[in-house]
Amino acid sequence: MTTQEIRNISRQIENKLISIRRKLHMHPELAFEEAETSRFICNYLKELGIEVTDNIAKTGVVGLIRSGYPGKTIALRADMDALPILEENNCAYASTIPGKMHACGHDVHVTCLLGAAEVLMRLKDKIKGNIKLIFQPAEEGAGGALPMIEEGILSNPSVDACIAAHVWPEVPVGKIEVKQGPIMASPDDFELIIKGKGGHGAEPHATVDPISIGCQVVNALQTIVSRRMDPLMPAVISICSFQSGSCTNVIPDIAVLKGTARTFDPAMRKKMADMIEEIAGGIIKAMGGDYELNYRYLYPPTINDSTITNMLAASAVKIVGAENVLWSEKPSMSGEDFAYFAERVPSSLFRLGCSNPAKGISASLHSPTFDVDEKCIAIGTSVLAQFALDFLNQ
Ligand code: NI
């Protein structure tokens, strides 16, 4: 019965939601600059009669739906920021701001959460407890989740569980993909400055060549994953930048390597950081150089809670049917700061199918031609609302 109502309301508001998504898509804002997006969300929620707190971690917004009946509190989370990418799509709703684009679908996430807010407000009398609607800034890079949590968004009332959707082009529109356990990696990064001693290219014996040291380091770092890590536990180390020198006959003073180290296991995460320093440092010292390593622990791995994931799958089945709820075994090596919610309360991030190759919609996330089949919006809206209802009324 309620599922039918959710479907009906989602269908009624679908066209409005699509125009909201297009408006957001045309006006992308980068991390911690989501002022217009934030204002739009606030106004929308207020018009629905929802209690709103804004300016959390700069541009973050939290809406609170209190049913008036005692019960638990569920949080639904969307990220708001766009990427510094020049959009190459020619559609009518393409980005109007050169060099900025919603290429990771966060415009869709915001829209689905606004849609869910509207559905849940209309069904408020049938709900126990509370729903927190979390709109966070800066998922790409800096991270808005942790500062919002530090400002207290998981308390008053305290949140019992949290879910979020991410559009996923590997999954066709109409389908939902869920996964138990690790779903996104810890995307740590590092900068290694190799300090040698420069000199004339004709007199290498009078120098400490940071380029030849750097070459040894790059190769040796590849043995961490291949020789030192359990082959059944995924990990990756990539050196993505190697810069040094400027001409054909001068050995430079320094070389700078930059890279990323990713895994799903907290112990391996620490071990990789230690080994990078141990191996790189050992080689550099042995070859007469010195170094500075700036290692940044970024987001933790995102680990889905099994109970919440099972409940989420059951809610999704009500919306799209059992044949359209896929169970994945495969996590992604990308990072997601939803991880900070998942560290604190039982959580689950699900993949919202959004591609439609028959319509030419299949580009990957972060691509300048990324787009979604907008049919995914009503589905995302309905799954978020259905799960909130099921969780609160269990
Ligand atoms: Ni994203």
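Helices (H or I, at least four residues) and strands (E, at least two) are DSSP runs, numbered from the N terminus. The structure is a predicted model, in which local features need pLDDT of at least 70, side-chain atom pairs count only at pLDDT 80 or more, and totals for chains, interfaces and linings use all residues. Residues are numbered from 1 along each chain as its sequence is written, and side-chain values use heavy atoms, with hydrogens and water left out.

**Exercise 1. The cis peptide bond**

Find where Pro157 lies and describe the residue before the cis bond.

Solution.
Step 1. Pro157 sits in the loop between helix 4 (145–150) and strand 5.
Step 2. The peptide bond that runs from Asn156 to Pro157 is cis, and its omega is near -10°.
Step 3. Asn156 is in the loop between helix 4 and strand 5. Its phi is positive, about 50°, although Asn156 is not a glycine.
Step 4. Buried means under 20% relative accessible area, exposed over 50%, and partly exposed in between (1.4 Å probe, protein chains only). Asn156 has a relative accessible area of 72%, so it is exposed.

**Exercise 2. A second positive phi**

State where His366 lies and whether it is buried, exposed or partly exposed.

Solution.
Step 1. His366 is in the loop between strand 16 (347–355) and helix 9 (375–393).
Step 2. The phi of His366 is positive, about 70°, although His366 is not a glycine.
Step 3. The relative accessible area of His366 is 38%, so this residue is partly exposed.

**Exercise 3. The nickel site**

List the protein donors of the nickel ion and place them along the chain.

Solution.
Step 1. Donors are N, O and S atoms within 2.8 Å of the metal (3.2 Å for Na, K and Ca); water is not among the atoms, so sites may look incomplete.
Step 2. The nickel ion has the protein donors Cys104 (SG), His106 (NE2) and His166 (NE2), at 2.2 to 2.3 Å.
Step 3. Along the chain these donors have the spacing C-x1-H-x59-H.
Step 4. Cys104 and His166 link distant parts of the chain, 62 residues apart: Cys104 is in the loop between strand 3 (73–79) and helix 3 (106–122), and His166 is in strand 5 (residues 161–172).
Step 5. Both Cys104 and His166 are buried.

**Exercise 4. The surroundings of Lys124**

Locate Lys124 and name the residues that it touches.

Solution.
Step 1. Lys124 is in the loop between helix 3 and strand 4 (130–136).
Step 2. Its relative accessibility is 27%, so Lys124 counts as partly exposed.
Step 3. Contact means heavy atoms within 4.5 Å. Leaving out residues up to four places away in sequence, Lys124 touches Ile65, Arg66, Ser67 and Tyr69.

**Exercise 5. Two domains**

Describe how domain 1 and domain 2 meet.

Solution.
Step 1. Domain 1 covers 2–185 + 301–393 and domain 2 covers 186–296; such bounds come from an automatic or database domain assignment.
Step 2. The centres of domain 1 and domain 2, taken over C-alpha atoms, are 38 Å apart.
Step 3. In contact are 11 residues of domain 1 and 10 residues of domain 2.
Step 4. Buried area is the accessible area (1.4 Å probe) that two parts lose on being put together, summed over both. For domain 1 and domain 2 this is about 690 Å², with 78% of it on carbon and sulfur atoms.
Step 5. On the side of domain 1, Ala185, Pro301 and Met333 lose the most area to domain 2, together 72% of what that side buries.
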